[in-house]
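Here are a few friendly notes to read with the model open beside you. They deal with one helix and one strand, and with what lies around each.

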Amino acid sequence: MSDDNIRGVPRGTAEAPLSILELATVGEGSTPSEALRDATELARRAEEWGYHRIWVAEHHGMPGVASSSPAVLIAHLAAATRSIRIGSGGVMLPNHAPLVIAEQFGTLHALHPGRIDLGLGRAPGTDMATANALRRSAEVDPDEFPQQVAELTGFLDGSFPSGHPYEKIRAVPGGADSATTGRPPIWLLGSSGFSARLAGLLGLPFAFAHHFSAGNTEPALDLYRSSFRPSQVLDRPYALIGVAAVAADTDEEALRQTMPGALSWLRLRQGRPGRTPTVEEAEAYPYTPMEREFVRERLSTVVHGDPQTVRDGLEELRKRTGADELMITTQVHGGAARLRSYELIARAYGMIP
């Protein structure tokens, strides 16, 4: 597999590729159908504006997130675009049999060769009751993740050794055919050191969730780089980080647009997940002193402001972490505000002619 399937190309004046993490966010007063239409429009515009890839994340049981089925949504977004890479950020592998994921992403690659990424996470992406319903068993051990990754790789490549219990099982499309048709590159995702080290040892690209685990970013990236062993996939490390960012015409408007996402995070942490509130609802919410402190800390992890302020913040983060790629996620109320934010960031980097 060529590095070209993994390493992005910077556009405009950017020194690293910019990409997008999309959750198909459902806002108050909206529906999942509208959120999915907004996600489709974002993919089309992102392609026009020079973003390198757009990933969707697996979440379950969350009223404000419509991306519960990444493979289905990836197929739709890939069909609606022509060249931008589409992938999972990620598929929560412990929720699924590796053979199922191999068949799904082998199919996606057959439909859209050279454009599909397979990002894998080891968390459930939901509460444990829902995870048990997905898995049909409460006995899944997250520490079995390396074995699951190995099995998935074996199915994708048709590379189980002689004597392996799965050596005669073929993933179709994919499997043994991947020698001639290729397959989607595997990325490992993480918010701590476990997947960072595993990605390094396997010589795989690594994506870190800075947008919700900012304090662990630099230690995890250091661990990934120090653990890295060259492989047939990569000859040197390649790491992207997920970054929460909101751009608007002014700093004041950007802060207003950022507040609904902060309130959504507060409610999620309180065990009350819901749809993304409106700007007016976020402004009128009666925050307690403890809640205000939580929101203040959340805002400190979101790069927000006018386009130049956001570019400066993203560049400071890129230089500090040494990230090879920035994957921006924008949680605001409404598809129009989200599109505007991504457009302003692309313009700030000269990606739009």
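**Notes on helix 2 and strand 1**

1. In this predicted model, helix 2 spans residues 70-79, and its buried residues are Pro70, Ala71, Leu73, Ile74, Leu77 and Ala78. These residues sit on the same side of helix 2, because the arc they cover around the axis is only 160 degrees. As background, an α-helix has 3.6 residues a turn, so residues three or four places apart point the same way.

2. What about the other side of helix 2: which residues are exposed there? Val72 and Ala79 are the ones to look at.

3. Several elements help to cover the buried residues of helix 2. Among them are helix 1 (32-49) and helix 3 (98-111), along with strand 2 (53-56), strand 3 (85-92) and strand 4 (116-121).

4. Turning to strand 1 (residues 18-22), you will find it mostly covered, with 5 of its 5 residues buried. Leu18, Ile20 and Glu22 point one way from the strand, while Ser19 and Leu21 point the other way. Glu22 is worth a look here, as a buried residue of strand 1.

5. Which strands pair with strand 1? Strand 9 (residues 325-329) runs parallel to strand 1 and is joined to it by 3 bridges, with Leu18 opposite Leu326. Strand 2 also pairs with strand 1 in the parallel sense, over 3 bridges, and here Glu22 stands opposite Val56.

6. Finally, a point on connectivity: strand 1, helix 1 and strand 2 together form a β-α-β unit, and this unit is right-handed. Helix 1 and strand 2 also appear among the elements that cover the buried residues of helix 2.

Definitions and conventions:
Residues numbered from 1 in each chain as written. Predicted model: local features only at pLDDT ≥ 70, side-chain atom pairs only at ≥ 80, totals over all residues. Heavy atoms only, no water. Buried < 20%, exposed > 50% of the residue type's maximum accessible area, 1.4 Å probe, protein only. Helix = DSSP H or I, 4+ residues; strand = E, 2+ residues; numbered from the N terminus. Arc of directions from axis to C-beta. Contact = heavy atoms within 4.5 Å. Pairing = 2+ DSSP bridges. Right-handed = clockwise from strand over helix to strand, strands pointing away.
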